[in-house]
Amino acid sequence: MTSQLTTPASTPSRPSAHPSETPPERPAAGPARRTRRYAGRRELGACGALMTPFFILLVTVFLIPVGTAVWLSFFSDDQPGLGFGPERTVFVGLRSYAAVLTDPTFLSGLGTVVLYCLIYIPLMVAGALALALLLDSGVVRLRSWAQLGLFLPHAVPGIIAAVIWLYLYTPGLSPVIELLGRADITVDFLGLHTVLPSIVNIALWSNLGYNMVVFYAALQAVPREVIEASVVDGAGPVRTALQVKAPLVRSSIVMVAMFTLIFALQLFTEPMLLGQATPLINSRFSPSMYIYDAAFTRNNYGLAAAGSVVLLVCTIALSYGVTRWSHRAGTPEEDAR
């Protein structure tokens with residue numbers, strides 16, 4: 001009987017690695033981490049360098065004046081002893097704000113500015129957008145010269161523009177009134193019902209071309225494929241302008257409306273100069289004129305500071321309202337989603 005010798009199955013042993021064939025070690029994470037950290041610091045430094053001028057201007061021309069106005073609004077100059085004693089500055093709290101908000105002339109000026117905004121802002125936005133759509137349509141020839149002609153009034157300083165229109169509004173001096181008089185047309189541009197539209201006309205003449213350029217630049221960014229598709233679908237020029245182009249520049253429309261509102265609330269130059277030719281414009285015609293009169297005519301800097309703060313709060317509140325409305329309305333791309 002032959003015995004069979006069984007050899008136990010031997011497990012294959014892992015071949016020994018040659019020293020030259022050892023797997024490379026992972027590089028240390030320290031240098032890479034330091035490189036990323038250095039790059040992040042460089043980006044942060046670049047952002048700081050670019051934003052520093054903005055913050056310097058913000059603090060210098062906005063925060064410091066606003067803080068000063070708020071501080072002055074809580075104080076007033078007082079002369080004890082029936083007005084014969086030395087003048088001193090005393091803390092009055094919210095008394096100046098109460099005086100401003102209960103002053104009929106200040107409230108009347110606010111009403112005048114509100115009416116001015118209701119007339120001026122729609123005409124400005126609609127007129128500038130219409131001119132921009134007209135130039136973008138290609139109907140107007142010599143487009144560059146047309147843009148230059150419309151923009152030139154904006155290059156004229158506001159006080160010079162007001163002086164020019166004061167000359168055109170004054171009877172006996174204005175060639176426009178003389179020509180209308182030859183045609184038996186009598187127009188009093190500084191009358192009771194025409195003085196505010198006359199101020200609106202000056203503001204439109206000065207700023208219409210600038211806002212037109214803003215809208216025209218936004219229209220140039222509209223994809224041409226969208227316009228060509230609307231033409232292929234049978235849309236005419238007017239329908240393309242109102243239903244295709246205008247919705248695509250909604251953000252620019254909101255921006256122009258908001259900035260126009262901010263500048264309209266600061267109405268000062270035009271009525272200040274026109275007030276020299278008509279008694280209908282007094283020294284407190286608008287809130288800005290009320291503030292000027294309180295500071296430099298009545299020497300009541302606390303009252304002027306309180307009026308400035310009230311006007312600032314109104315401006316911020318209305319601007320915030322316009323911004324919130326624009327966010328809720330959304331853009332056409334967001335509506336499509």
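Helices here are DSSP runs of H or I with at least four residues, and strands are E runs of at least two, both numbered from the N terminus.

Before you click around: this is a predicted model, where local features need pLDDT of at least 70, side-chain atom pairs count only at pLDDT 80 or more, and totals for chains, interfaces and linings use all residues. Residues are numbered from 1 along each chain as its sequence is written, and side-chain values use heavy atoms, with hydrogens and water left out.

**Whole protein.** Show everything as cartoon: there are 14 helices and 2 strands. Switch on the surface and you have about 22300 Å² exposed, with carbon and sulfur atoms supplying 66% of it (Shrake-Rupley, 1.4 Å probe; for residues, only the protein chains shown count as cover).

**Helix α1, residues 29-73.** Select Arg 34, which sits in this helix. It counts as exposed because its relative accessible area is 54% (exposed is over 50%, buried under 20%, partly exposed in between). Now add Arg 33, Arg 36, Arg 37 and Arg 41: with Arg 34 they gather in a surface patch of positive charge.

Next, pick Val 61, also placed in helix α1. Val 61 is exposed, since its relative accessibility is 59%. Extend the selection to Leu 57, Val 59, Phe 62, Leu 63 and Ile 64, which together with Val 61 make a nonpolar surface patch of about 540 Å².

**What's a patch?** Its residues have over 30% relative accessible area and no salt bridge; like charges are joined within 9 Å, nonpolar side chains (Val, Leu, Ile, Met, Phe, Trp, Tyr) within 5 Å. A salt bridge puts a side-chain nitrogen of Lys or Arg within 4 Å of a carboxyl oxygen of Asp or Glu. Lys and Arg count as positive, Asp and Glu as negative, while His and chain ends are not counted; a charge is placed at NZ of Lys, CZ of Arg, CG of Asp or CD of Glu.

**Last stop.** Color by burial: buried residues make up 31% of the 337 in the protein.

Technical notes: Buried means under 20% relative accessible area, exposed over 50%, partly exposed in between (1.4 Å probe, protein chains only).
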